[in-house]
Amino acid sequence: MRRREKFVLSSIFLSLGLLAVQYVPLEYRYAVIAALGLSSYLVSAWALSDDLQKHEWLTIIPLPSLYSMSVALFYFLLPENILSRFVILLLFGVGMYTLYLTANIFSVAKGRTIQLLHAAHAVGLMVTLLTSLLFLNTIFSLRLSWYVTGLLIFVTHLPLIFLSLWSVRLESHISKPLASISGLFALVLSEIGLVFCFYPFSVWYSSLLLMSFLYLGLGLLHNHLQERLFKNTLTEYLFAAVFIAMIFIFNFPLK
């Protein structure tokens, strides 16, 4: 079976799995979503098995699984509207197929540069940010205690950050410095997120703002790992950071 056929079948299978999630009683939803994540991991391993190396079980395969779990968690928050659920289901299938194409490029490109690698980096970053936004929306919607919220943000974003940073150089191993940087950045994000728990921000406002911090951090780290962190690049990200800070200040509830 050709790779694209595997990608299509895997995307359809996981989309049907996401559709089945909405028919599960609420008391079993987290167990079912965990099962969907595991199924996504195994299905993705089968779909990408042609060029898969040992370290890629921890660097390429997890992102489709995280993506599917984030969408499934957000799926429960949608209103009982057939149209909205169908649109999310369709977008999920297309997104999963695109993610498989991106993961395949990362797997094939190891050790050399191919023409589509830059596009794969852009798509990978976009999926990472979308997955982050859906996770954050779910976490803030639960209205848990501040320390649980911070812990959940750290747990969900540590792998997202690591996978995104690893894709820059596509190393043939898991380096300790990269893991340390990922852990530190995830810790900073979780600390910012738990601070939001003490202010009456809306769920979407908190989620979008924290995702913006993730975007800025990943952008700077990507350029640093690519040795392209020039003055112009720093200036662009500085302006973006100032813009985000202004939005935060103008919407601060205690100003």
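Asn137 lies in helix α6, in a model that is predicted. Helices here are DSSP runs of H or I with at least four residues, numbered from the N terminus. Asn137 is buried, with a relative accessible area of 4%; buried means under 20% relative accessible area, exposed means over 50%, and partly exposed lies in between, using a 1.4 Å probe and protein chains only. Leaving aside residues up to four places away in sequence, Asn137 touches Phe74, Leu77, Val203, Trp204 and Ser207, where contact means heavy atoms within 4.5 Å.

Before we go on, a word on how to read the model. Residues are numbered from 1 along each chain as its sequence is written. Local features need pLDDT of at least 70 and side-chain atom pairs count only at pLDDT 80 or more, while totals for chains, interfaces and linings use all residues, and side-chain values use heavy atoms, with hydrogens and water left out.

**Partners of α6 and α7**

Met211 lies in helix α9 (residues 203-225) and is buried at 16% relative accessible area. Its C-alpha atom is 6.5 Å from that of Ser132, although the two are 79 residues apart along the chain. Beyond residues up to four places away in sequence, Met211 touches Leu129, Ser132, Leu133 and Leu136.

Now look at Thr156 in helix α7 (residues 146-169). Thr156 counts as buried, at 13% relative accessibility, and touches Phe135 and Ile139, again not counting residues up to four places away in sequence.

**The core**

The largest nonpolar core has 71 residues, and Leu18 and Ile161 touch the most other members. Such a core is a set of buried Ala, Val, Leu, Ile, Met, Phe, Trp, Tyr and Cys residues joined through side-chain atoms within 4.5 Å. Helix α6 (residues 117-141) gives the largest share of this core, 11 residues. Among the residues that Leu18 touches, not counting those up to four places away in sequence, are Leu36, Val71 and Phe92.

**Helix α2 and a surface patch**

Helix α2 (residues 29-47) has 19 residues, which at 1.5 Å a residue should span 27 Å; its end C-alpha atoms are 26 Å apart, which agrees. The expected span is 1.5 Å times one less than the number of residues. Buried residues of α2 include Ile33, Leu36, Gly37 and Ser40, and their cover includes α1 (3-21), α3 (56-59), α4 (62-75) and α5 (82-108).

On the outside, Leu83, Phe86, Val87, Leu90, Leu91 and Val94 make a nonpolar surface patch of about 600 Å². Phe86, found in helix α5, is exposed at 52% relative accessible area. Patch residues have over 30% relative accessible area and no salt bridge, with like charges joined within 9 Å and nonpolar side chains (Val, Leu, Ile, Met, Phe, Trp, Tyr) within 5 Å. The areas come from the Shrake-Rupley method with a 1.4 Å probe, and for residues, only the protein chains shown count as cover.

**Salt bridges**

The whole structure holds 3 salt bridges, each a side-chain nitrogen of Lys or Arg within 4 Å of a carboxyl oxygen of Asp or Glu.

| Pair | Closest N to O distance |
|---|---|
| Glu5 and Arg2 | 3.4 Å |
| Arg3 and Asp50 | 3.5 Å |
| Lys6 and Asp50 | 3.5 Å |

Lys6 lies in helix α1 and Asp50 in the loop between α2 and α3, so this pair ties together parts that are 44 residues apart in sequence. Salt bridges that share partners join Arg3, Lys6 and Asp50 into one network. Within it, Lys6 counts as buried at 9% relative accessibility, whereas Asp50 is partly exposed at 42%.

Terms used: Helix = DSSP H or I, 4+ residues; strand = E, 2+ residues; numbered from the N terminus.
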